[in-house]
Amino acid sequence: SSAGKFVDVFEKKIASYTGAKYAIATSNATSALHISLILGNVSDENEVITQPLTFVATCNAISYLGAHPTFVDVDLDTMGLSPNAVSNFLEEYGELREDGCYNKKTGRKIVACMPMHTFGFPVHLDELLIVCNRWKITLVEDAAESIGSEYKGKPTGSFGKVAVFSFNGNKIVTSGGGGAITT
Ligand SMILES: *Cc1c(COP(=O)(O)O)cnc(C)c1O
């Protein structure tokens with residue numbers, strides 16, 4: 001419920017714990033991912049780079065917008081999206097235009113990149129941010145499984161333009177069901 005003071009308390013605590021300026025509670029992380037991609041300007045017929053090794057909600061959120069998941073492989077050491085693989089993919093298929101990055105093969109605009117920190121292991125964020133910035137692609141973190149994880153001393157979820165946490169019953173911290181967007 002959005003009634004009462006505890007949602008506000010929860011949002012403040014999540015923001016301070018994750019080092020984000022703001023946290024916004026949602027009904028679950030699936031809806032948080034959906035909204036985060038809208039905030040990342042993803043729309044119909046765009047592409048979002050993500051990893052095939054994830055929970056299906058990551059890709060569902062992309063398809064809710066009529067956009068397409070573009071699967072790129074994970075690293076062996078993190079089990080999360082590989083910056084090298086993303087870079088190689090973009091060297092082969094990416095084309096930088098004035099208004100962003102396009103996939104030469106499909107003709108679609110690649111608007112966002114959504115890594116997932118598998119089982120709480122952070123992806124190589126510094127390297128991934130370099131690749132995303134070089135290709136003008138917005139980083140949205142699916143941090144549903146990684147509250148409490150840190151990358152080089154900084155909490156996961158504080159690297160992307162927006163990030164998403166889950167508080168479902170099977171997650172690290174639970175509210176029964178729920179999610180949050182941090183920005
Ligand atoms: C659990 C999970 C979600 C979805 O979370 P819900 O709160 O159940 O909607 C999304 N992405 C990943 C990686 C997850 O593990």
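**Ligand surroundings and aromatic contacts**

A polar side-chain atom of T30 lies 2.6 Å from an oxygen atom of the ligand. The model is predicted. S166 also places a polar side-chain atom 2.8 Å from a ligand oxygen. For K171, an N or O atom of the side chain is 3.4 Å from an oxygen atom of the ligand. Taken alone, the ligand exposes 380 Å², and the protein buries 93% of that. Two elements give two or more residues each to the shell around the ligand: helix 2 (29–39) and helix 3 (56–64). Helix 2 gives the most, with 3 residues. The ligand is surrounded by 16 residues, of which T30, D142, E145, S166 and K171 come nearest. By class, the shell holds 6 nonpolar, 7 polar and 3 charged residues.

Aromatic contacts were searched across the whole structure, and 3 pairs were found. One of them joins F89 and Y93 in a tilted arrangement, with 5.1 Å between centres and 40° between the planes. Both residues belong to helix 4 (residues 83–93). They are 4 residues apart, about one turn of the helix. F89 has a relative accessible area of 15%, so it counts as buried. Y93 reaches 24% and is therefore partly exposed. Y151 and F159 form an edge-to-face pair, 5.5 Å centre to centre, with planes at 80°. Both Y151 and F159 are buried.

Charged groups also meet aromatic rings. The charged end of K154 sits over the ring of F159, 4.6 Å from the ring centre. In the case of R97, the charged end sits over the ring of Y102, at 3.8 Å from its centre.

Definitions and conventions
Residues numbered from 1 in each chain as written. Predicted model: local features only at pLDDT ≥ 70, side-chain atom pairs only at ≥ 80, totals over all residues. Heavy atoms only, no water. Phe/Tyr/Trp six-rings, centres within 6.5 Å; stacked < 30°, edge-to-face > 60°. Buried < 20%, exposed > 50% of the residue type's maximum accessible area, 1.4 Å probe, protein only. Lys NZ or Arg CZ within 6 Å of the ring centre and 35° of its normal. Near = heavy atom within 4 Å. Polar contact = N/O pair within 3.5 Å; in protein donor to acceptor, adjacent residues only side chain to side chain. Areas by Shrake-Rupley, 256 points an atom, 1.4 Å probe, with all protein chains shown as cover. Nonpolar A, V, L, I, M, F, W, Y, C, P; charged D, E, K, R; others polar.
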